[in-house]
Structure formats: C-alpha cells, structure tokens
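Colleague: Before I use this model, I want the reason behind each label. Give me the value, then the cut-off, then the verdict.

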Amino acid sequence: MKITDFLITPFQHKLINPLKTANQHYSHRSGFIIKINSEDLFGCGESSPLSGFSAESLKEVSYALESYHLAIMDIGETSVAELLSFIPIHCEDLPSVEFGLETAIYDLASKIEGKTFSQYLNPNAKDQIKSNGIVGIHTPKDNYKIMKVKVGFRNLFDELNNLDELTTQFGKDVKFRLDANGNMDLPRAIRFCKEVEKFNIEYVEQPLPKNDLEDLAELRNHTSIPIAVDESLTDFHSAEKIMNAQAANVFIIKPTVSGGFTTCSKIVEMATTEKIISVITSSLEGPIGLSACAHFASALSIDEVCGLSTASLFEDSFSSPFSIKKGVFYLSQKPGLGVGINVA
Ligand SMILES: [Mg+2]
C-alpha cells in the first residue's frame, strides 16, 4: 500500500451531564483523530488520554503524532508491518498514541482486505460483546444484567442504603460492579467488602490507591468478593507487578490507557495463564475509540461482560457504527471499524 495522506485533527466532545468519580470530574473529552489515507480508502484512530488514568498530556500526544507523521510522510510503498514498526519509536510511554495509531493502521488494512476490524485481527472474532450498564445513565428498562456503580465517596451507611435501593430498583438477579476509584484505605475497604457481601456483587474495582498493591493483596485475604484493578493497570509492566503481588482477580484493561492491540493482547495472554479475568473497557472515547475498544475485545475473544456502554454520555449525536441492546454490543459488519463519518 501507499500512504497518500495523514491528518491529525483535534476534537472536543461535551458530556451531557458532568461525570463524577470519587476523585475526578469530567465535563469534556479532548484528543485527536488520526486519519491515514491510501488512495480512496482511509483508516481512522483516536488518541485521547484520560485525566486521572493516563500519564501523558495532550501536548505530548500531539508531538508524538506529528513525529510519526514525519517518519511515514515520504515512505513510498509500505506494509502494515512497517507502519506498525514505527509506532514504538514515536510513542514510548504514550499508550493513547499507540492505541490511536494501531487503530488507524488496522482500520485501513481491514478495509483494504474487505474485513471487519476484529475479523482482520482474528478470523474467529465474534460480532457481539457483552457490556455492563452504568447506574445514573441506564435504567432497569435497558435490561443490563450487570450494572456499574460508583462508590467510595459516601459514608458506609449511605453506601449500604444506596445498594439496598439499587437492588430493589434493578432486581436481585442483576449483579453490581462497585468502582471506588482508589478512594478507600485498607481498614475501610475491609469493612466495606464485609458489609456489601450480602448484595449481589460481581467485584469491587480499585478499592485502594493504584500503588497499594500489597494492601490489595491483603484485602483479598479478608473478603470473598473478587478484587479488580483499573487505575493500577497502565501497561504490561504494571500488569506484571499486579500479578506478582497477587493483588487482583480481575484486570480492567483500557486500551487508551494501557496501549494498543499489541500491548492489550500481551496483558490478556498473561492474565489468562494466571487465571486472572480480563475485562476491556472504554475510557469515554468518541465513536472511533469506542468502536476500536469493542473490536479489540472481540478480537481478543473476551467472553466477560465488558464496559462499553458510554456513547450515550455525549451531547454530539455520533453517527454510531454499533448498537447496544439488552447489554449486548453489536459490532458493525462493514469493513474496518465501520465508522462512516468524515472525521477529518
Ligand atoms: Mg474504574
């Protein structure tokens, strides 16, 4: 193939309602759309680091993308392997850039072969992925079997009341994923887990600060509820550290935060051998990044319920290449990601 154009376009998406976690407040999402053209086909990707999770700044992302652009500008006839080989050189420690560039390259390559993005990466990839709903956005009418609940910012009495109300509202068969975003200490987390064991809890996510791996391992000795890590997991190296510390039962893998398909597949492979469950979640990306997360999950044969139901958070009416019904995310069956919008 021959690269005929490469465009980097900054974007900003506004959330319908600001999203609060235990320690972050999101009203907008900013980042870059990458568009790689080869003759009349294009591939697109999204690099939008998430504050509170990603270590890199928008400026660093912009410089790295420009540097990649310069490297491939006059490359002439090239291949997917060669385009991918330039990524580690230009995005060391910049996982959102790795994710955006890999997405754009694979989107283009799969369109050239007339395959969906996930089937280009894995011929056995399924066309649907299960997803959890989010309390505050989705209602019992949306028919999710698993709901995500933000916790860790109320006193224990109010946390238990909230879970009581949610159980009444959603029914006893619905499971909850409780995400504390690292806002507890060990004694509080032990007490919290003990008290919430009577509810239908799938796991408690990031109960302790991201670097408290020893305490996470200790917490696991005090509760039957599985412990998931999210903020602690930022790349392959951190995944290894978590595994060695025996700090988690579940890895929450965010491709924008941890890297592209190459890194995510290494993390999932290692987790599988250690009997750690892998869940792929979006990081409040727009339609390109969100579609890429879903296709990654499909290509990695993730059977767990993932966290991909975030499109309805945004004001812009995205021309979504996917649909979600009753907790199932249906991938586009068009070639590539299926994102048809003219993004740049
Ligand atoms: Mg989380």
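Colleague: How far apart are the C-alpha centres of domain 1 and domain 2?

Modeller: They lie 24 Å apart. The contact between the two takes 28 residues from domain 1 and 30 from domain 2. Here, contact means C-beta atoms, placed from the backbone, within 7 Å. This is a predicted model: local features need pLDDT of at least 70, side-chain atom pairs count only at pLDDT 80 or more, and totals for chains, interfaces and linings use all residues. Residues are numbered from 1 along each chain as its sequence is written.

Colleague: Which elements supply the side of domain 1 that touches domain 2?

Modeller: β1 (5–20), β2 (25–38), β3 (41–47) and α4 (95–113) each supply at least two residues. The largest share, seven residues, comes from α4. By class, that side of domain 1 has 15 nonpolar, eight polar and five charged residues. Nonpolar means Ala, Val, Leu, Ile, Met, Phe, Trp, Tyr, Cys and Pro; charged means Asp, Glu, Lys and Arg; the others, Gly among them, are polar. Helices (H or I, at least four residues) and strands (E, at least two) are DSSP runs, numbered from the N terminus.

Colleague: Where are the bounds of domain 1 and domain 2?

Modeller: Domain 1 covers 5–116 and domain 2 covers 128–330. These bounds come from an automatic or database domain assignment.

Colleague: What is the strand order in the open sheet?

Modeller: Seven strands run β5-β6-β7-β8-β9-β10-β11, with parallel pairing. β5 (133–134) and β11 (277–280) each have a single partner strand, so they are the edges, with one side of each lacking a neighbour in the sheet. Strands pair if DSSP finds at least two bridges between them. β5 and β6 (residues 146–150) have two bridges, so they meet that cut-off. Within that pair, I134 stands opposite K148.

Colleague: How many bridges link β7 and β8?

Modeller: Four, in the parallel sense. F176 stands opposite I201 in β8. On to β9 (residues 227–229), β8 has two bridges, also parallel. There, E205 stands opposite A228.

Colleague: Which hand does the unit of β7, helix α7 and β8 have?

Modeller: The β-α-β unit of β7, α7 (residues 186–196) and β8 is right-handed. The crossover from β8 through α8 (residues 213–220) to β9 is right-handed too. The term means that, with the strands pointing away from the viewer, the path from the first strand over the helix to the second runs clockwise.

Colleague: Why does C264 count as buried?

Modeller: C264 has 29 C-beta neighbours inside 10 Å. Buried needs 20 or more other C-beta atoms within 10 Å, exposed is 12 or fewer, and partly exposed lies in between; C-beta atoms are placed from the backbone. So C264 passes. It sits in helix α11 (residues 261–273). Beyond four places in sequence, its contacts include I253, P255, F296 and L300. C264 and L300 are 36 residues apart in sequence, yet 8.5 Å apart C-alpha to C-alpha.

Colleague: How many residues of β8 are buried?

Modeller: Four of the five in β8 (residues 201–205).

Colleague: What makes up the largest nonpolar core?

Modeller: It has 90 residues, and those with the most contacts inside it include V229, A248, F251 and F296. Helix α12 (residues 287–299) gives the most, eight residues. The core draws at least three residues from each domain. A nonpolar core is a set of buried Ala, Val, Leu, Ile, Met, Phe, Trp, Tyr and Cys residues joined through C-beta atoms within 7 Å. F296 also touches P255, F261, C264 and I280, leaving aside residues up to four places away in sequence.
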